[in-house]
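Thank you all for coming; I would like to walk you slowly through one structure today. Please have the view open in front of you, and stop me whenever a term is unclear.

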Amino acid sequence: MDILELARRKAEAAELYEAWTEALGVVFHGGEVEKVGSEEVLGQALRVIVKGRLGFASTAGGAPAALVEAAVGAAEHGDPAPFRFPALHPGPAVESFDPAVPLLSAEDLLTWGEEAVRTIHREFPELVVNVYLARTKTAVTIRNTSGGELREVRTGLSMTVGVERVQEGDIWLVYESQAVRRLSDLNREKLVEKLLAKLRWGAETVPAPSGKPPVLVLPSAVPVLLLPLTHGFSGLSVFLGTSPLKGKLGERAFHKEFHLWDDGLIPFGPRARSFDDEGLPVGRLSLVADGVVRGFYYDLRAAALAGAEPTGNGLKGGPFGDGGFRAPPGPSPRHLVIRPGEGSLAEMIRTMKEGLLVADVIGLGQGNIQSGAFSNNVAVGFAVRDGHVVGRVKNTMIFGNAYEVLRDGLLQVGGEAEWVGGSLLAPPLLVQGVSVVSR
């Protein structure tokens with residue numbers, strides 16, 4: 001029997017999310033092929049409302065009756081559900097499928113990996129090179145007991161290249177990655193060149209600046225500052241009172257040059273979709289304009305609790321990745337976009353003259369996300385002197401408060417934005433007010 005029909009017998013309302021995924025992946029370790037594999041998975045996730053409480057369960061190949069029982073059982077201790085699943089209707093279509101991606105063969109991915117290894121070894125033959133390549137095709141279907149059905153096929157393509165330099169008393173790991181939905185958007189050459197640039201910068205180890213020097217945050221490290229904001233702009237956090245932005249709608253809480261929005265309408269964006277994981281149409285939502293707080297994002301539950309309208313931001317997984325079918329939806333950004341300013345990376349380095357350049361950190365999310373506090377060891381960072389990168393730093397930590405830095409310490413917003421983590425489009429940010437400690 002159909003899962004929704006089974007659920008209807010035991011629940012007041014139900015929603016079924018299905019994702020059929022075909023994936024092909026290639027892994028290189030130490031410059032050699034370690035794995036080539038493919039898989040097909042049908043994931044099913046069921047949400048039910050029983051006696052006003054929300055239950056959730058998922059399965060990959062399990063029996064329908066068992067899935068229903070698990071969801072109904074979870075509802076006994078689930079959160080209150082002050083909403084109903086809406087009747088599903090198609091909204092504006094957002095391009096998320098490229099027919100060229102499923103045609104990529106294992107040989108194609110292997111060739112790309114071999115090219116990356118050769119290019120890096122040509123200049124750095126002593127390094128251990130690891131490459132991860134994957135392509136996916138996912139058909140998503142959402143149905144619920146209020147009626148209607150939505151279906152969309154999406155493609156995904158990702159490439160990660162990392163190197164390891166292991167010496168006595170020193171292990172240095174450097175990675176570059178890109179996730180796209182369209183084949184033509186994957187720039188393999190640029191990805192490898194960015195990695196090589198960091199390796200060249202890090203040829204020498206130098207002392208890190210200390211105190212509160214200017215800090216140039218590369219796009220790959222901007223999540224250090226943006227992760228607290230993903231909590232702060234969540235409508236659920238605002239309702240619960242855990243967001244520092246509660247009560248600040250319409251007020252200036254950031255630097256006047258800081259502009260941030262959540263854009264679900266970017267064609268072929270890494271998280272592009274025509275509807276969220278609750279079946280609501282996506283759109284574009286202003287969060288910060290001229291430093292002023294303009295809005296918050298809501299899923300169905302958060303909107304009902306806050307007495308607001310849902311914004312099509314009910315997504316599975318966290319703010320910078322895809323949680324897959326096994327995660328329940330919650331308020332989360334689709335594509336966070338920081339409006340670029342002016343200046344290339346090279347120009348920003350010359351402008352800062354002295355300071356620290358941060359490319360990656362260890363333990364994203366360390367600190368107090370709710371308050372905006374961050375405290376991270378620098379995984380990949382470089383010292384800047386006289387407007388030039390002079391070498392990499394070791395044993396260095398940065399800490400501060402994201403809200404304070406983006407309000408009082410924003411010196412320059414760079415002009416070259418890059419995709420980071422599958423859902424963030426950000427330029428480099430030159431800031432002050434970040435404490436730097438090294439040993």
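**Strands, a surface patch and salt bridges**

Let me begin with one pair of residues: alanine 289 stands opposite valine 292 in β10. Before going further, I should say that this is a predicted model, in which local features need pLDDT of at least 70 and side-chain atom pairs count only at pLDDT 80 or more, while totals for chains, interfaces and linings use all residues. Residues are numbered from 1 along each chain as its sequence is written, and side-chain values use heavy atoms, with hydrogens and water left out.

The pair I just named belongs to β9 and β10, which run antiparallel and are joined by two bridges; two strands are said to pair if DSSP finds at least two bridges between them. The strands themselves are DSSP runs of E with at least two residues, and helices are runs of H or I with at least four, both numbered from the N terminus. In the hairpin of β9 and β10 there are two residues between the strands, and aspartate 290 takes a positive phi near 55 degrees.

Now let us step back to the sheet around this hairpin. It is an open sheet of six strands with mixed pairing, and the order is β10-β9-β8-β13-β21-β20. Because β10 (292-293) and β20 (418-420) stand at the edges, each with a single partner strand, one side of each is left without a neighbour in the sheet. At the β20 end, three bridges join β20 to strand β21 (residues 424-426), and the two run antiparallel; there, glutamate 418 has alanine 426 in β21 as its bridge partner. Further along, β8 and strand β9 (residues 284-289) pair in the antiparallel sense over four bridges, with aspartate 262 opposite leucine 285 in β9.

What lies across β8, β13, β20 and β21? It is helix α5 (residues 223-232), which runs at about 125 degrees to β13. For that angle, axes are lines fitted to C-alpha atoms, for helices over the stretch in contact, and angles run from 0 to 180 degrees between N-to-C directions; contact here means heavy atoms within 4.5 Å.

Let me turn to strand β1 (residues 13-29), where 13 of the 17 residues are buried, so the strand is largely enclosed by the rest of the structure. Buried means under 20% relative accessible area, exposed means over 50%, and partly exposed is in between, with a 1.4 Å probe and protein chains only. On one hand, β1 pairs with strand β2 (residues 32-50) in the antiparallel sense over 17 bridges, and valine 26 has valine 36 in β2 as its bridge partner. In the hairpin of β1 and β2, which has two residues between the strands, glycine 30 takes a positive phi near 65 degrees. On the other hand, β1 also pairs with strand β4 (residues 128-144), again antiparallel, over 14 bridges, and leucine 16 stands opposite arginine 143 in β4.

My last topic is charge. Side chains of opposite charge can pair when their charged atoms come close. A salt bridge is counted here when a side-chain nitrogen of Lys or Arg is within 4 Å of a carboxyl oxygen of Asp or Glu, and by this rule the count comes to 22 salt bridges. One of them is between aspartate 170 and arginine 392, whose closest N and O atoms are 2.8 Å apart. Since aspartate 170 lies in strand β6 and arginine 392 in strand β17 (residues 388-392), the pair ties together parts that are 222 residues apart in sequence, and both residues are buried.

We have already met aspartate 262 opposite leucine 285, and its side chain also meets that of arginine 334 in a salt bridge (2.9 Å, N to O). Aspartate 262 lies in strand β8 and arginine 334 in the loop between β12 (329-331) and β13, so this pair ties together parts that are 72 residues apart in sequence. Are these two residues buried or exposed? Aspartate 262 counts as buried because its relative accessibility is 0%, and arginine 334 is buried as well, with a relative accessible area of 1%. Finally, salt bridges that share partners join Glu176, Lys194, Lys198 and Glu418 into one network.
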